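This report goes through one protein model, section by section. Please keep the sequence and the structure in view while reading.

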Amino acid sequence: MCSCTTPSSQYSNLARNFAFAQSQIQTDRFTHTYYLNLNAIALKNKRNLALTPGGPLHIYLEGDGTPWVEGKWIAIDPTPRRSIMLPLMHLDTAPAILLGRPCYHLDKKDKHCVPNDWTMGRYSSKVVESMVQAIEKLQSELGFSSLAIFGHSGGGSMAILIANALKNKSPKVDTIVTLAANIDTDVWTASLSHLPLTDSINPANLPPLPEQTDVLHLFGSDDSVVQVDLFDKYLSNNRDVRSHTYNGFDHTCCWQSIWPSILNQIVNHQNSPLNPAVTE
């Protein structure tokens, strides 16, 4: 008998190791799997009546995972083989949720999913709209009026797209922090000689987010997947957005080392812009 496990089940096992709860939410289009940390669990289940929402709800978004196998074949399960964001959420004492994308983290296939949803259309309007709808439901259920969204790699691009979709709605997005994010997807795919994401929205083509949204893009100097100099035009066109490059960091290492400081700033300095320099 094969003892093989799927990427989705491996991811769920890791979440359980962190004592995160796993659940699902249905939108008009898709089923989303999501994971809650202990304080989010307490709020959801009303186990601690003294615990009330204070500050934004923290939303974590993973990268694109594995849309393609060896760059040739469409993956059956695009769920990330390695999690960057679950270990970061483990460091977070605020109520936090890691929200999976449509067609990711599923034990059985969602009948509404087609391969385009995690390949050429991974940032499509229908994917973004479903993410927004899931967040609105979770935010309402837990009682928060604002959000802080954190995204790694393609999850950073998704964070920008979600915030743009929410900018004239509630909940409002107070903070966005991206880690090694491909924030101009046209430039990024060209740099890697990948096929263009023809059915996706490029975050670089969207209007700037409201000035009151604190946006911080973090990069690694040794990142060969997402190179910071690719986004000079994007960053210069969005002067209210700040960025920082950490020496010695690459696409997956070493984000845990700076994350407690980032979280501390969000909790204690909600009215001040994040300062990545204090994490070094």
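## Helix H4 and the residue after it

Directly after H4, Gly143 has a positive phi of about 90°. The model described here is a predicted one. H4 itself runs over residues 125-142. Its 18 residues cover 26 Å from the first C-alpha to the last, close to the 26 Å expected at 1.5 Å a residue.

Buried positions in H4 include Val127, Val128, Ser130, Met131 and Val132. Further along the helix, Gln133, Ala134, Ile135, Leu138, Gln139 and Leu142 are buried as well. In an α-helix, residues three or four places apart point the same way, because there are 3.6 residues a turn.

Lys126 makes a salt bridge with Asp117 through their side chains, with 3.1 Å from N to O. The two partners differ in cover: Lys126 is partly exposed, at 26% relative accessibility, whereas Asp117 is buried, at 3%.

## Salt bridges around Asp64

How many salt bridges does the structure hold? There are eight of them. Side chains of opposite charge can pair when their charged atoms come close. Three residues, Asp64, Arg101 and Arg122, are linked in a network of salt bridges.

The side chain of Asp64 meets that of Arg101 at 2.7 Å, N to O. Asp64 sits in the loop between strand E3 (57-61) and strand E4 (68-69), while Arg101 sits in the loop between strand E6 (96-99) and helix H4, so this pair ties together parts that are 37 residues apart in sequence. Both Asp64 and Arg101 are buried. The side chain of Asp64 also meets that of Arg122, here at 2.9 Å, N to O. Arg122 belongs to the loop between E6 and H4 and Asp64 to the loop between E3 and E4, so the pair connects parts that are 58 residues apart in sequence. Arg122 has a relative accessible area of 7% and is therefore buried; for Asp64 the relative accessibility is 8%, which also counts as buried.

## Thr31 and its surroundings

Thr31 is part of strand E2, which spans residues 31-36. With a relative accessibility of 15%, Thr31 counts as buried, since the cut-off for buried is under 20%. Its side chain has a polar contact of 2.5 Å with the side chain of Gln26.

Which residues is Thr31 in contact with, leaving aside its neighbours within four places in sequence? They are Gln24, Ile25, Gln26, Pro102, Cys103, Leu106 and Asp110.

## Backbone features in the loops

Cys103, one of the residues in contact with Thr31, is found in the loop between E6 and H4. Phi of Cys103 is near 80°, a positive value in a residue other than glycine. At 8% relative accessibility, the residue Cys103 is buried. Ala180 also has a positive phi, near 50°, and is not a glycine. Ala180 lies in the loop between strand E8 (172-179) and helix H6 (185-191), and its relative accessible area is 0%, so Ala180 is buried.

The peptide bond that joins Cys253 and Cys254 is cis, with omega about 15°. Cys254 is placed in the loop between strand E10 (242-246) and helix H8 (259-268).

## Helix H5

H5 covers residues 154-166, which is 13 residues, and reaches 18 Å from its first C-alpha to its last, close to the 18 Å expected at 1.5 Å a residue. Is H5 mostly covered or mostly exposed? H5 is mostly covered, with 12 of its 13 residues buried. Among them are Gly154, Gly155 and Gly156, followed by Ser157, Met158 and Ala159. Ile160, Leu161, Ile162, Ala163, Asn164 and Leu166 are buried too.

## The chain overall

The protein chain contains eight helices and 10 strands. Its radius of gyration is 18 Å, close to the 19 Å that the globule rule gives for 280 residues, so the chain is as compact as a globular protein of that length. The C-alpha atoms fill a box of roughly 50 × 50 × 35 Å along the principal axes.

Of the 280 residues in the chain, 54% are buried. The accessible surface comes to about 12800 Å², and carbon and sulfur atoms account for 50% of this surface. Among contacts between residues at least 6 apart in sequence, 77% join residues at least 24 apart.

Technical notes. Residues are numbered from 1 along each chain as its sequence is written. This is a predicted model: local features need pLDDT of at least 70, side-chain atom pairs count only at pLDDT 80 or more; totals for chains, interfaces and linings use all residues. Side-chain values use heavy atoms; hydrogens and water are left out. Helices (H or I, at least four residues) and strands (E, at least two) are DSSP runs, numbered from the N terminus. The expected span of a helix is 1.5 Å times one less than its number of residues. Buried means under 20% relative accessible area, exposed over 50%, partly exposed in between (1.4 Å probe, protein chains only). A salt bridge is a side-chain nitrogen of Lys or Arg within 4 Å of a carboxyl oxygen of Asp or Glu. A polar contact is a pair of N or O atoms within 3.5 Å; within protein, one must be able to donate a hydrogen and the other to accept it, and residues adjacent in sequence count only if both atoms are side-chain atoms. Contact means heavy atoms within 4.5 Å. The radius of gyration is taken over C-alpha atoms; the globule rule is 2.2 Å times the number of residues to the power 0.38. Accessible areas come from the Shrake-Rupley method with a 1.4 Å probe; for residues, only the protein chains shown count as cover.
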